[in-house]
Amino acid sequence: MNKASITDYKYLEGTRVLLREDFNVPINKNGIISDDKKILEALPTIKFLIEKGAKVIIVSHLGRPKGKVDPEFTLEPVVEKLKEVLDMPILFEKELFSEHMQKMLRTMKNGDVMVLENIRFFKEEEENDEAFAKKLADLADIYCNDAFGTAHRAHASIAAITKYIPSYCGLLMAKEVEVFSNLLENPPRPFVVALGGAKVSDKIKLISNLIDKVDCLLIGGAMAYTFLKAQGYNVGASKVDESKIEYAKLLLEKAENKNVKMCLPIDHLAAKEFSFLADYDVCSSEHFPEDGIGMDIGPKTIKLYSKIISQAKTCYWNGPMGVYEYKRFSKGTRAVAKAMAGNPNQMVVGGGDSAAAVRSFGLENQFYFVSTGGGASLAMLEGEELPGIVNLKDKE
Ligand code: AMP
């Protein structure tokens with residue numbers, strides 16, 4: 001990518017920078033942030049702007065308030081966290097575009113940071129409304145997008161805004177884009193991609209695009225059952241997307257024609273019911289119990305997938321191998337995470353559930369890269385142009 005970075009802009013002192021962040025973090029009922037990775041990853045750009053004496057105005061969304069003010073989705077806990085990690089006062093503006101806000105903007109000093117309340121309290125945000133984007137752009141001199149996790153959304157503070165204000169990428173955005181561009185352009189081989197998770201529909205386009213680029217695809221999670229059914233296996237009462245079976249057949253054929261190894265689980269943990277304490281059988285794909293629900297990949301698949309990953313020079317992983325939230329069905333996901341963590345090469349975890357799993361296993365620091373964007377990293381690997389990146393200024 002040849003996009004201008006915020007570090008290329010020479011006149012930051014006293015400049016008002018509208019910084020788009022992705023602070024969409026999980027917050028529990030008591031207002032406690034249970035996973036602060038997105039906030040911590042945003043710090044290098046924020047600190048850089050503070051040090052350069054910019055006036056930093058941060059915009060972010062949180063959850064899905066559906067265009068209405070909803071206290072459940074306030075950014076207040078994020079502001080408290082920023083105060084703590086930056087060890088400085090942070091201004092918080094709840095009334096966007098109000099008199100009060102204009103006054104705060106006028107009195108901001110160099111190096112001050114102001115967070116605006118959840119931008120999705122305005123329905124215009126998700127509508128990518130031009131007039132709204134212009135109003136936002138008018139708050140600052142330049143714009144910086146560091147919200148990789150939201151870069152695949154054509155929303156006003158991501159896409160339309162770039163028409164009205166010089167637009168740069170932040171440090172995190174630059175790093176994320178560099179990693180995924182490298183995966184697509186010239187990955188050291190063998191290049192292995194491990195995909196899991198619940199929905200085949202989310203990843204089918206990715207599989208189709210990657211078949212031309214990878215050496216081996218490892219399929220796990222619920223999506224494996226759609227592929228196994230497409231191959232004629234009985235998968236009991238496992239989660240299957242019937243509408244995607246024909247397409248799954250085509251993908252399996254395409255992989256074979258291109259000589260790409262597409263591995264499906266050879267054994268499973270098949271449970272009697274979908275629950276935390278469910279009893280289960282270990283079974284092969286050939287002997288799947290009639291009423292069994294596939295909850296995790298089995299021990300032989302774990303061994304096979306771990307070996308393939310340990311021999312990879314590049315690996316991208318997105319989507320858990322099983323219902324990892326239930327401890328007894330987390331072994332497959334843990335094994336993939338461990339195999340990657342033990343490999344010193346380019347091991348990249350897509351965001352979302354897989355990144356959360358890696359953190360819950362305490363393995364994050366052993367990875368080459370853990371992305372902050374699940375959907376955005378999938379979109380990049382699908383070969384899409386991301387609205388939050390394509391419109392940023394090109395490097396001069
Ligand atoms: P996704 O958002 O598509 O990446 O899916 C993540 C979800 O997939 C997690 O909540 C897992 O519990 C779920 N999942 C993984 N394997 C299975 C499975 N075999 N059956 C049902 N859900 C699964």
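These exercises walk through the domains and cores of a predicted model.

**Exercise 1. Find where the two domains lie and how they meet.**

Step 1. The domain assignment gives domain 1 as 6-172 and domain 2 as 187-381.
Step 2. Their C-alpha centres are 35 Å apart.
Step 3. Eight residues from domain 1 and 12 residues from domain 2 make the contact.
Step 4. About 810 Å² is buried between the two domains, and carbon and sulfur atoms give 65% of that area.
Step 5. On the domain 1 side, Lys-37, Phe-148 and His-152 lose the most area to domain 2. Together they account for 65% of what that side buries.

**Exercise 2. Describe the polar links between domain 1 and domain 2.**

Step 1. Count the salt bridges across the interface: there are two.
Step 2. Count the residue pairs in polar contact between the domains: there are three.
Step 3. Turn to helix α1 (residues 37-51), which gives three residues, the most of any contribution to the side of domain 1 that touches domain 2.
Step 4. Look at Lys-37: it forms a salt bridge with Glu-364, with the closest N and O atoms 3.0 Å apart.

**Exercise 3. Work out why the largest nonpolar core lies between the domains.**

Step 1. This core has 71 residues. Among the members that touch the most others are Phe-148, Phe-180 and Tyr-316.
Step 2. Helix α8 (residues 223-230) gives the most to the core, with six residues.
Step 3. Domain 1 and domain 2 both give residues, so the core lies between them.
Step 4. Now check Phe-180. Beyond its neighbours within four places in sequence, its contacts include Phe-148, Tyr-316, Val-348 and Phe-369.
Step 5. A second, separate core has 31 residues, including Ile-33 and Leu-86.

Conventions:
Residues are numbered from 1 along each chain as its sequence is written. This is a predicted model: local features need pLDDT of at least 70, side-chain atom pairs count only at pLDDT 80 or more; totals for chains, interfaces and linings use all residues. Side-chain values use heavy atoms; hydrogens and water are left out. A nonpolar core is a set of buried Ala, Val, Leu, Ile, Met, Phe, Trp, Tyr and Cys residues joined through side-chain atoms within 4.5 Å. Buried means under 20% relative accessible area, exposed over 50%, partly exposed in between (1.4 Å probe, protein chains only). Helices (H or I, at least four residues) and strands (E, at least two) are DSSP runs, numbered from the N terminus. Domain bounds come from an automatic or database domain assignment. Contact means heavy atoms within 4.5 Å. Buried area is the accessible area (1.4 Å probe) that two parts lose on being put together, summed over both. A salt bridge is a side-chain nitrogen of Lys or Arg within 4 Å of a carboxyl oxygen of Asp or Glu. A polar contact is a pair of N or O atoms within 3.5 Å; within protein, one must be able to donate a hydrogen and the other to accept it, and residues adjacent in sequence count only if both atoms are side-chain atoms.
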